[in-house]
Amino acid sequence: MNIRLTLSCCLLLWISNEVQAATCDKQVLGTSRTITLKREAALYGTKQHKALPLNKNEVVLTFDDGPSPENTPLVLKALADQCSKASFFMIGQQIERHPELAKRVVAAGHTLGLHSYSHQRLAKLSVDEQLADLKKAQKIYQDTFGTSAPAYRFPFLEETPPLLDTLKAKKMTVASIDLTIDDWLPDDTTEILLKRLSQNLDKSGGGIILMHDANAITAKAVPALLALLKVKGYKVVHLQWEKAS
Ligand SMILES: [Zn+2]
């Protein structure tokens with residue numbers, strides 16, 4: 001009886017793995033490899049810092065400002081359809097409002113970083129206010145996911161010396177970007193975002209792409225944007241971080 005039970009469990013596991021593999025066929029964008037970053041102070045993204053160790057025609061998909069109940073699920077679906085993994089830089093306040101959705105992003109195999117608590121222009125705040133914003137974001141992250149946040153992306157990519165020092169002391173990766181699709185103008189269309197992505201990829205040859213899962217225009221365009229990456233021969237690299245010690 002026990003043997004039969006064990007066999008049927010294994011069979012079910014095998015079937016579910018096969019089903020998963022079958023949906024990730026060669027027609028989709030997929031995820032070609034992962035880079036696991038150490039928990040050490042490092043700053044990446046050529047907009048402000050050094051480049052990640054990527055090869056030509058490799059991209060890292062990143063999404064900011066979520067989780068958003070209206071739009072993040074659409075982005076998750078598009079990524080799942082392409083078997084591609086991304087990194088989401090979430091706003092602490094949004095994690096607090098939608099913890100189950102934030103956990104759903106992690107359950108889908110994506111990685112997370114913080115993107116402040118309140119998404120303000122940090123340079124306009126006092127040092128104490130900046131530090132308080134980071135502390136609040138870290139607390140909600142710890143409370144929600146049971147681990148410390150491994151990475152941080154500054155709102156508007158506006159880095160400030162006191163927060164850079166604090167992130168360094170906390171051994172967090174500062175994640176800037178290599179290219180963006182400027183997807184914050186509400187009147188833009190999927191066609192405009194596709195054109196922008198294509199032009200910026202032609203200039204950069206790949207790198208860390210900034211998109212916004214909280215934006216409706218982006219959520220609608222992501223299936224087409226991922227399809228474009230596939231057509232242009234780009235490979236997706238998934239950023240991960242060592243577990244906190
Ligand atoms: Zn943002």
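## Close-up views of the predicted chain

**View 1. S116, a buried loop residue with positive phi**.
S116 counts as buried, because 23 C-beta neighbours lie inside 10 Å. (Buried means 20 or more other C-beta atoms within 10 Å of the residue's own, exposed means 12 or fewer, and partly exposed lies in between; C-beta atoms are placed from the backbone.) The model is predicted: local features need pLDDT of at least 70, side-chain atom pairs count only at pLDDT 80 or more, and totals for chains, interfaces and linings use all residues. Residues are numbered from 1 along each chain as its sequence is written. S116 sits in the loop between β5 (111-114) and α5 (127-145). (Helices are DSSP runs of H or I with at least four residues, strands are E runs with at least two, and both are numbered from the N terminus.) Phi of S116 is near 75°, a positive value in a residue other than glycine.

**View 2. D182, a partly exposed loop residue**.
Is D182 buried or partly exposed? D182 is partly exposed, with 15 other C-beta atoms within 10 Å. The loop between β8 (179-180) and α7 (190-204) holds D182. Phi is positive here too: near 45° for D182, which is not glycine.

**View 3. Strand β3 and its partners**.
β3 covers residues 58-64, and 6 of its 7 residues are buried. Which strands pair with β3? (Pairing requires at least two DSSP bridges between the strands.) Strand β9 (residues 207-212) runs parallel to β3 over 6 bridges. V60 has I208 of β9 as its bridge partner. Strand β4 (residues 87-90) is also parallel to β3, joined by 3 bridges. There, T62 is bridged to S87. From β3 the chain passes through helix α2 (residues 72-81) to β4, a right-handed β-α-β crossover. (Right-handed: with the strands pointing away from the viewer, the path from the first strand over the helix to the second runs clockwise.) Strand β10 (residues 235-241) pairs with β3 in the parallel sense over 2 bridges. V236 of β10 is the bridge partner of V59.

**View 4. The cis bond at P67**.
The peptide bond between G66 and P67 is cis, with omega about 0°. P67 lies in the loop between β3 and α2. M90 touches both G66 and P67.

**View 5. M90 and the largest nonpolar core**.
The largest nonpolar core has 58 residues. (Such a core is a set of buried Ala, Val, Leu, Ile, Met, Phe, Trp, Tyr and Cys residues joined through C-beta atoms within 7 Å.) Helix α8 (residues 216-231) gives the largest share, 7 residues. V59, V60, M90, Y152 and I209 have the most contacts inside the core. (Contact: C-beta atoms, placed from the backbone, within 7 Å.) Beyond four places away in sequence, the residues touched by M90 include I95, A102, L112, L114 and H115.

**View 6. The whole chain and its low-confidence stretch**.
The chain has 8 helices and 10 strands. Its radius of gyration is 19 Å, close to the 18 Å of the globule rule for 245 residues, so the chain is as compact as a globular protein of that length. (The radius is taken over C-alpha atoms; the rule is 2.2 Å times the number of residues to the power 0.38.) Of the 245 residues, 38% count as buried. The chain averages a pLDDT of 91, and 91% of the residues score at least 70. (pLDDT is the predictor's confidence in each residue, from 0 to 100.) Over residues 1-22 the pLDDT is below 50, and this stretch has 0 contacts beyond near neighbours in sequence. Where pLDDT is low, the predicted coordinates should not be read in detail.

Terms used: Two residues are in contact if their C-beta atoms, placed from the backbone, lie within 7 Å.
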